[in-house]
Amino acid sequence: KVESGEKTAVAGIKPYELITHVNGEPVESVEQFQEKIKGQAEIRLSVERMRQGRTVKIRLNAVEKEQKDGE
């Protein structure tokens, strides 16, 4: 889900885009996605929508990293 004002929206992720890779590694589930972003300061997401692919960089701050680590 992309929410207005969140880092994903600011980075240009659009609703219905599929995240296929995190930092060049394939992801096939929410669990894999969460594991791959854990502890990262910056992530590169490969996204796909209607057979069009692109890469988006997102900077995570320390608070978000701590929240993700604590889940």
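These legends describe close-up views of a predicted model of one protein chain.

**Figure 1. Overview of the protein chain and its elements.** The chain holds 3 helices and 4 strands. Read from the N terminus, these elements follow the order α-β-β-α-β-β-α. Of the 71 residues in the chain, 17% are buried. Among contacts with a separation of 6 or more, 43% join residues 24 or more positions apart. The exposed surface of the chain is about 5500 Å², and carbon and sulfur atoms supply 46% of that area.

**Figure 2. Glutamate 17 in the loop between α1 and β1.** The loop that holds glutamate 17 runs between α1 (7-10) and β1 (18-22). Glutamate 17 has a relative accessible area of 15% and therefore counts as buried, the cut-off being under 20%. Leaving aside neighbours within four places in sequence, glutamate 17 is in contact with Gly12, Val47, Glu48, Arg49 and Arg54.

**Figure 3. Histidine 21 and the pairing of β1 with β2 and β3.** Strand β1 pairs with β3 in the antiparallel sense, over 4 bridges. The pairing of β1 with β2 (residues 25-26) is also antiparallel, over 2 bridges. Histidine 21 has serine 46 as its bridge partner in β3, and in β2 histidine 21 stands opposite proline 26. The hairpin of β1 and β2 has 2 residues between the strands, and in this hairpin asparagine 23 takes a positive phi near 50°.

**Figure 4. Serine 46 in strand β3.** Strand β3 spans residues 42-49 and includes serine 46. Not counting residues up to four places away in sequence, serine 46 touches Leu18, Ile19, Thr20, His21, Arg54 and Thr55. One of these, His21, is the residue whose bridge partner in β3 is serine 46. Valine 56 lies 10 residues from serine 46 along the chain, and the C-alpha atoms of the two are separated by 6.4 Å.

**Figure 5. The largest nonpolar core.** Ten residues form this core: Ile13, Val22, Val27, Ile37, Ile43, Leu45, Val47, Val56, Ile58 and Leu60. Two or more residues come from each of β3 and β4 (52-59). The most come from β3, which gives 3 residues. In soluble globular proteins, nonpolar side chains tend to be buried together.

**Figure 6. Contacts of valine 22, a member of the largest nonpolar core.** Not counting residues up to four places away in sequence, valine 22 touches Val27, Phe33, Lys36, Ile37, Ile43, Arg44 and Leu45. The core itself includes Val27, Ile37, Ile43 and Leu45.

Key. Residues numbered from 1 in each chain as written. Predicted model: local features only at pLDDT ≥ 70, side-chain atom pairs only at ≥ 80, totals over all residues. Heavy atoms only, no water. Buried < 20%, exposed > 50% of the residue type's maximum accessible area, 1.4 Å probe, protein only. Contact = heavy atoms within 4.5 Å. Pairing = 2+ DSSP bridges. Core = buried A, V, L, I, M, F, W, Y, C linked by side-chain atoms within 4.5 Å. Areas by Shrake-Rupley, 256 points an atom, 1.4 Å probe, with all protein chains shown as cover.
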